[in-house]
Amino acid sequence: MEPKVYIDGKLYPKSEARISVFDHGLLYGDGVFEGIRVYSGRIFRFTEHIDRLYDSAAGINLDLPISREELEQAVIDTVKANGLKDSYIRLVVTRGAGDLGLDPRKCSKGTVVVIVDKIQLYDERLYQEGIPIITASTRRIAPDMLSQKVKSLNYLNSILAKMEANLAGVSEALMLDANGYVAECSADNVFIVKKGVLLTPAPHFPILPGITRQTVMELAAEDGIEVAEVTMTLQDVYTAHECFLTGTGAELIPVIKVDGRTIGAGKPGPVTGRLLELFRKLRTTAGREAIG
Ligand code: PMP
């Protein structure tokens with residue numbers, strides 16, 4: 001069956017799903033998005049993702065053309081129409097079609113798109129063995145230029161870092177802020193474990209407030225693991241006992257090498273293993289039911 005894509009109130013077969021070439025989402029990256037997972041027919045952390053979409057939209061003064069209820073229903077309906085119990089949802093809201101100028105006032109109404117597809121970023125083997133990453137020379141955009149709290153359609157900063165990862169033959173790149181402190185990866189948040197304490201860059205660094213990051217911090221705290229949001233340097237990462245990344249796509253993926261330095265024992269450590277186990281337990285039971 002051809003996948004079905006929601007655009008502004010209607011479902012279209014994938015081959016017929018189109019938006020205007022005058023859409024400012026295309027012309028200027030003027031819009032926001034979310035990546036959301038469905039596990040066993042349940043939409044994981046649905047409220048949190050919709051909340052973040054609204055925060056992103058508020059950050060760029062983008063009015064959604066439909067109500068929150070309608071938006072949530074559109075996502076649920078699209079998940080149902082595609083019938084995939086384990087899938088990835090891409091929810092996109094653009095400024096809509098305007099003219100060729102930048103002026104957002106020329107865009108009369110935002111465009112809402114919901115795509116549902118299958119996803120598997122990493123082989124199961126890599127969750128057991130861990131992955132190597134590098135540090136990109138591309139720095140995260142500073143918060144006084146464009147807030148990284150806004151999950152906007154302008155992802156070139158991350159794409160440039162991802163190209164550096166590709167060149168190095170690894171799948172993710174760590175990114176530093178303008179002052180050289182560790183921020184996050186191109187599409188994932190970063191954690192290290194030092195002497196049993198779970199550490200991650202604090203929210204005032206240019207990071208996306210990751211929903212998997214928040215989930216993992218909560219799981220750790222409930223399990224009696226000490227968690228702290230900190231200022232993190234590359235030296236902290238190189239000398240960590242464990243390291244892992246979190247993201248909706250990647251879930252929780254262990255890191256065993258950073259810039260050629262072996263992390264800990266060169267294999268996923270006990271805290272990482274425990275959190276991966278807890279995350280996997282949670283993902284199928286938490287979430288809003290979309291397909292019964
Ligand atoms: N940082 C960036 C830059 C991202 O694009 C993402 C989303 N893939 C994340 C972190 C992780 O956020 P989440 O756990 O909400 O997917």
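Helix H2 (residues 46-59) and helix H3 (residues 68-82) pack at an angle of about 125°, and their axes lie 12 Å apart. In this predicted model, local features need pLDDT of at least 70 and side-chain atom pairs count only at pLDDT 80 or more, while totals for chains, interfaces and linings use all residues. Residues are numbered from 1 along each chain as its sequence is written, and side-chain values use heavy atoms, with hydrogens and water left out.

Helices (H or I, at least four residues) and strands (E, at least two) are DSSP runs, numbered from the N terminus. Axes are lines fitted to C-alpha atoms, for helices over the stretch in contact, and angles run from 0 to 180 degrees between N-to-C directions. H2 and H3 are therefore oblique to each other; angles under 35 degrees count as roughly parallel, over 145 as roughly antiparallel, 65 to 115 as roughly perpendicular and the rest as oblique. In the H2-H3 pair, Phe46, Thr47, Ile50, Asp51, Leu53 and Tyr54 of H2 meet Arg68, Leu71, Glu72, Val75 and Ile76 of H3, contact meaning heavy atoms within 4.5 Å.

Ser56 also belongs to H2. Its relative accessibility is 0%, so Ser56 counts as buried (buried is under 20% relative accessible area, exposed over 50%, partly exposed in between, with a 1.4 Å probe and protein chains only). Leaving aside residues up to four places away in sequence, Ser56 touches Val32, Lys149, Val150 and Lys151.

The spans of two further helices agree with expectation, which is 1.5 Å times one less than the number of residues.

| Helix | Residues | Expected span | C-alpha end distance |
|---|---|---|---|
| H6 | 211-222 (12 residues) | 16 Å | 17 Å |
| H8 | 270-283 (14 residues) | 20 Å | 20 Å |

The buried residues of H8 are Val271, Thr272, Leu275, Leu276, Leu278, Phe279, Leu282 and Arg283. They cover an arc of only 170° around the axis, which places them on the same side of H8; the arc is that of the directions from the helix axis to the C-beta atoms. Exposed Pro270 and Lys281 sit on the face of H8 turned away from its buried side.

In H6, the buried residues include Ile211, Arg213, Met217 and Ala220. Just after H6, Gly224 adopts a positive phi of about 80°.

Two residues that are not glycine also have positive phi: Asp8, at about 45°, and Asp259, at about 50°. Asp8 is found in the loop between strand S1 (4-7) and strand S2 (10-13) and is partly exposed, with a relative accessible area of 35%. Asp259 lies in the loop between strand S14 (251-258) and strand S15 (261-262), and counts as partly exposed at 22% relative accessibility.
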